[in-house]
Structure formats: structure tokens, C-alpha cells
Amino acid sequence: MTKRDVFEYALVRVVPRMERGECFNAGVIVYCRARSYVAARTHLDEGKLLALDPKADVPGVRAALRAVEGVCSGGERAGQAAGDDAGRRFRWLIAPRSTVVQPGPVHTGLTADPEAEVERLLDLLVR
């Protein structure tokens with residue numbers, strides 16, 4: 001039997017107009033403490049974004065989504081979080097924000113392959 005570890009994940013949502021409260025999923029963040037693993041994958045559906053807000057700052061939203069991926073990857077791309085461990089970077093990313101790109105609630109599961117889990121959840125919940 002393959003060893004499975006607990007993982008946590010949160011969706012990354014885009015809320016183009018805060019006052020309307022409409023949102024759609026644009027990414028997923030996966031954290032597995034047992035493997036010191038954290039990663040994010042994003043996919044922006046420009047059509048949905050512009051349908052909810054024709055004046056949306058598409059390059060700005062893309063940049064914010066790339067920043068989420070960068071914090072997860074660590075190193076230079078992580079900015080101030082570069083020296084933080086995987087868990088701290090995950091907790092920082094899932095903290096509530098009042099911006100166009102926001103984290104959703106955290107959920108848990110079991111996985112034998114956290115990297116495959118990121119792709120599976122992106123396909124299932126975002127694309």
C-alpha cells in the first residue's frame with residue numbers, strides 16, 4: 001500500500017468587483033507538511049473575468065496570480081517570504097485579503113503525490 005499524507009488546499013478566487021461579491025476560481029494552493037511541500041497552479045479565464053467586469057485589469061490580475069505561484073516556489077520569486085518554510089508561505093497565502101485575488105477556505109485530504117494533487121485539483125475545480 002502506498003503511503004498517503006495529509007494535505008491542505010485552498011482555492012484562489014478572483015473577485016473582480018468587491019461590491020458585487022461575484023467570484024470564480026483561478027487557482028489552487030496545496031500544502032503537505034509531511035513532505036514540506038507547497039505549490040500553486042493558476043489558470044485565468046479571461047472571458048469570465050471580463051464578463052463580470054469589462055473594465056478589469058487583466059494584466060494586474062495575471063500578475064497577482066503569478067505572485068501566488070512565486071511565493072509557493074520560494075527563492076527570489078517569493079519576495080519577503082523567500083526565507084520562510086513551506087508552512088509559513090502557505091499560511092501567509094491563505095490569510096484573508098480584501099483584494100481582487102483572494103484565498104478561499106482551507107480543505108484537507110490524503111495524497112501519495114502532492115504534486116499530482118495540485119494538477120488534479122486545478123483540472124477538477126478551476127479549468
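1. In this predicted model, valine 28 has arginine 41 of β3 as its bridge partner. That pair belongs to the junction of β2 (residues 24-32) and β3, where the two strands run antiparallel and are joined by six bridges.

2. The wider setting is an open sheet of four strands, ordered β3-β2-β1-β4, with antiparallel pairing. The edge positions are taken by β3 (37-42) and β4 (101-111); each has a single partner strand, so one side of each has no neighbour in the sheet. On average, and with direction ignored, neighbouring strands are turned by 20 degrees against each other.

3. Helix α3 (residues 86-94) packs on this sheet and touches β1 (5-14), β2, β3 and β4. The direction of α3 makes about 155 degrees with that of β2. Helix α4 (residues 114-125) also lies across β1, β2, β3 and β4, and runs at about 30 degrees to β3.

4. Two packed helices are described by the angle between their axes and the distance between the axes. For α2 (residues 58-73) and α3, the angle is about 160 degrees and the axes are 9 Å apart. An angle over 145 degrees counts as roughly antiparallel, and α2 and α3 are therefore roughly antiparallel to each other. On the α2 side the contact is made by Val68, Val71 and Cys72, and on the α3 side by Arg89, Trp92 and Leu93. Sorted by class, the residues of this contact are five nonpolar, no polar and one charged.

5. Helix α2 itself has 16 residues and spans 23 Å from its first C-alpha to its last, which is close to the 22 Å expected at 1.5 Å a residue. Its buried residues are Val58, Val61, Leu65, Val68, Gly70, Val71 and Cys72. Besides α3, the buried residues of α2 pack against β1, β2, β3, β4 and α1 (46-52). Val68, Val71 and Cys72 of α2 are thus worth viewing twice: they are listed as buried, and they also make the contact with α3.

6. Proline 114 lies in helix α4. Is this proline buried or exposed? Proline 114 is buried, with a relative accessible area of 4%. Leaving aside residues up to four places away in sequence, proline 114 touches Val30, Cys32, Arg35 and Tyr37. Of these, cysteine 32 is 82 residues away from proline 114 along the chain, yet the C-alpha atoms of the two are separated by 6.8 Å.

7. One backbone angle deserves a check on screen. Most residues other than glycine have a negative phi. Serine 36, although not a glycine, has a positive phi of about 50 degrees. Where does serine 36 lie? Serine 36 is in the loop between β2 and β3, within a hairpin that has four residues between its strands. Serine 36 is exposed, at a relative accessible area of 59%.

Definitions and conventions: Residues are numbered from 1 along each chain as its sequence is written. This is a predicted model: local features need pLDDT of at least 70, side-chain atom pairs count only at pLDDT 80 or more; totals for chains, interfaces and linings use all residues. Side-chain values use heavy atoms; hydrogens and water are left out. Two strands pair if DSSP finds at least two bridges between them. Axes are lines fitted to C-alpha atoms, for helices over the stretch in contact, and angles run from 0 to 180 degrees between N-to-C directions. Contact means heavy atoms within 4.5 Å. Angles under 35 degrees count as roughly parallel, over 145 as roughly antiparallel, 65 to 115 as roughly perpendicular and the rest as oblique. Ala, Val, Leu, Ile, Met, Phe, Trp, Tyr, Cys and Pro count as nonpolar, Asp, Glu, Lys and Arg as charged, and the others, Gly among them, as polar. The expected span of a helix is 1.5 Å times one less than its number of residues. Buried means under 20% relative accessible area, exposed over 50%, partly exposed in between (1.4 Å probe, protein chains only).
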